[in-house]
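The following report concerns the ligand site, the aromatic contacts and one helix of the structure shown below.

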Amino acid sequence: MNAIFSELLTAIALAALAALVGWFAAGEHGASLLLLGAIGFFFLRQLWMVLRLIRWAGCPLGTPTPSASGAWGAAFEALHRRARLASAEREHATEELARFRRAAEALPDGVMILDGRRSIEWMNLHAEVCLGLKASVDTGSCITHLLREPEFRDYLDNPDHRGVPLELHTQRNPGRNLQIQAAPFAAGRTLLLVRDVTQLQKLATMRRDFVANVSHELKTPLTVTLGFVETALDALHDTPSQELAQYLQTAAEQARRMQQLIDDLLTLSALETDSPPPLDDPIEAAALLADVFQEIQVLSAGRHRLTLENQGPRGLLGSARELRSAFANLAGNAVRYTPEGGEIALRWSAEGEAGGRFSVRDSGIGIAREHLPRLTERFYRVDRGRSREAGGTGLGLAIVKHVLERHQAVLQIDSEPGRGSTFSAVFPPHRVQS
Ligand code: ADP
């Protein structure tokens, strides 16, 4: 306001001075001529300043305002301040947006924003992966043109359904189970949350199957035990004691099977929950091998030719109890799946630079290739009847796999039906003591 006032005063003073100079120089005519000139100069200056303002407004953002004196100088200064403020606010908003996007990218779930016409405005990387889309190509496309499953369209069309997530199997990412939830928000937009629940559902199925398997495995020996005990009870008075002893013998065998199954289940559960095996507990390889060898000598009872070869490093680092159980399981399987007269060779040797390999080679029945990837699954057996006959629980190799994983070792299986198998546990250098 002050600047405008002083601009006006300056203009009036200049006009008065011009009129006075004109009066003295050329009388009345001179005064009016110079007064008109001064007013003209004043208007031309305003016009020039307006032109500079218009030119500045057309320049890119951030161009400094023109410099001027008086009221125009004050006006340009005020505009400059506002422009700086607007640019700071813009930068802040851009930073906020970038931060929001970074947060949305970091979310473990897929996030997608749809506009009022269901076109994709934005999606994070998880959404791209889950839905088999590509942000660089698919942004701007209508989501129902990309995901054509009718249940997905129904879900978006029906606002009542949006409270509950939709389970979706889409052609765009076959084999995955997705869970999608839509949440409408400002200006007709929709936020889509996408979650890949394949693994969760697999785990739930595994848990269900496991409970069913355990119940089934326990049910058979329990039924047999109960049957024999009841028969023995019914016939207690009029049956020869030899026959009764046979009934009880069979019942005891079945009870032992149940006990073995429960022992294996407890071992597995301990392997899943116990803290990792120590890295600084040395186990002497020779003693461990001798232990396992002695155990299979008892199990084989002279029915096989057994050999033991120890050319490997001095020891292992980890849990002696766990490794003993894993090695004994592998060696025990060789005895149980090798017919009488067969050969079984236990070997401890160096592996690569500084690792170790424990292998059990047998000349037994062997395993067909298609079974190999599933052998370490709980209760997976190539021949259920044969495994039962051999006193197996179907949990041995699952235990071996767990123990080896806990020691960062891997199980390798090489087998040919009718010719025999080799099961090897390969240890990394940091688990081996040379
Ligand atoms: P099981 O208690 O039935 O032996 P495991 O988990 O130890 O359970 O083994 C799973 C299956 O792998 C066995 O049922 C058997 O079919 C097969 N198997 C394991 N070791 C051998 C082997 N040395 N020779 C042939 N088959 C084997």
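## Ligand contacts

In this predicted model, a polar side-chain atom of Asn333 is placed 2.9 Å from an oxygen atom of the ligand. Ser387 also approaches an oxygen atom of the ligand, with a polar side-chain atom at 2.6 Å. For Asp362, the partner is a nitrogen atom of the ligand, which lies 2.9 Å from a polar side-chain atom of this residue.

Of the accessible area of 520 Å² that the ligand has on its own, the protein covers 98%. The ligand has 20 residues around it, and those that come nearest are Tyr337, Ser387, Thr393, Gly394 and Leu397. Ser387 thus appears both in this nearest group and as the source of the 2.6 Å polar contact.

## Aromatic pairs

A pair of aromatic rings is described by the distance of the centres and the angle of the planes. The structure contains eight aromatic pairs. One of them joins Phe42 and Phe43: the ring centres are 6.0 Å apart and the planes meet at 75°, so the pair is classed as edge-to-face, the cut-off for this class being over 60 degrees. Phe42 counts as partly exposed because its relative accessibility is 25%, whereas Phe43, at 54%, counts as exposed.

The pair formed by Trp72 and Phe76 is tilted, with 5.8 Å from centre to centre and 45° between the planes. Trp72 has a relative accessibility of 15% and therefore counts as buried; Phe76 is likewise buried, at 2%.

## Helix α2

Both Trp72 and Phe76 belong to helix α2, which covers residues 70-106. The two residues are four positions apart, about one turn of the helix. Alongside Trp72 and Phe76, the buried residues of α2 are Ala71, Gly73 and Ala104.

Helix α2 comprises 37 residues. From its first C-alpha to its last, α2 reaches 54 Å, which is close to the 54 Å expected at 1.5 Å a residue.

## Further ring contacts

Phe327, Trp348, Phe358 and Phe427 are linked into a cluster by ring pairs. A contact between a charge and a ring is found at Phe210: Arg378 lies over the face of this ring, at 5.1 Å from the ring centre.

Methods:
Residues numbered from 1 in each chain as written. Predicted model: local features only at pLDDT ≥ 70, side-chain atom pairs only at ≥ 80, totals over all residues. Heavy atoms only, no water. Phe/Tyr/Trp six-rings, centres within 6.5 Å; stacked < 30°, edge-to-face > 60°. Buried < 20%, exposed > 50% of the residue type's maximum accessible area, 1.4 Å probe, protein only. Lys NZ or Arg CZ within 6 Å of the ring centre and 35° of its normal. Near = heavy atom within 4 Å. Polar contact = N/O pair within 3.5 Å; in protein donor to acceptor, adjacent residues only side chain to side chain. Areas by Shrake-Rupley, 256 points an atom, 1.4 Å probe, with all protein chains shown as cover. Expected span 1.5 Å × (residues − 1).
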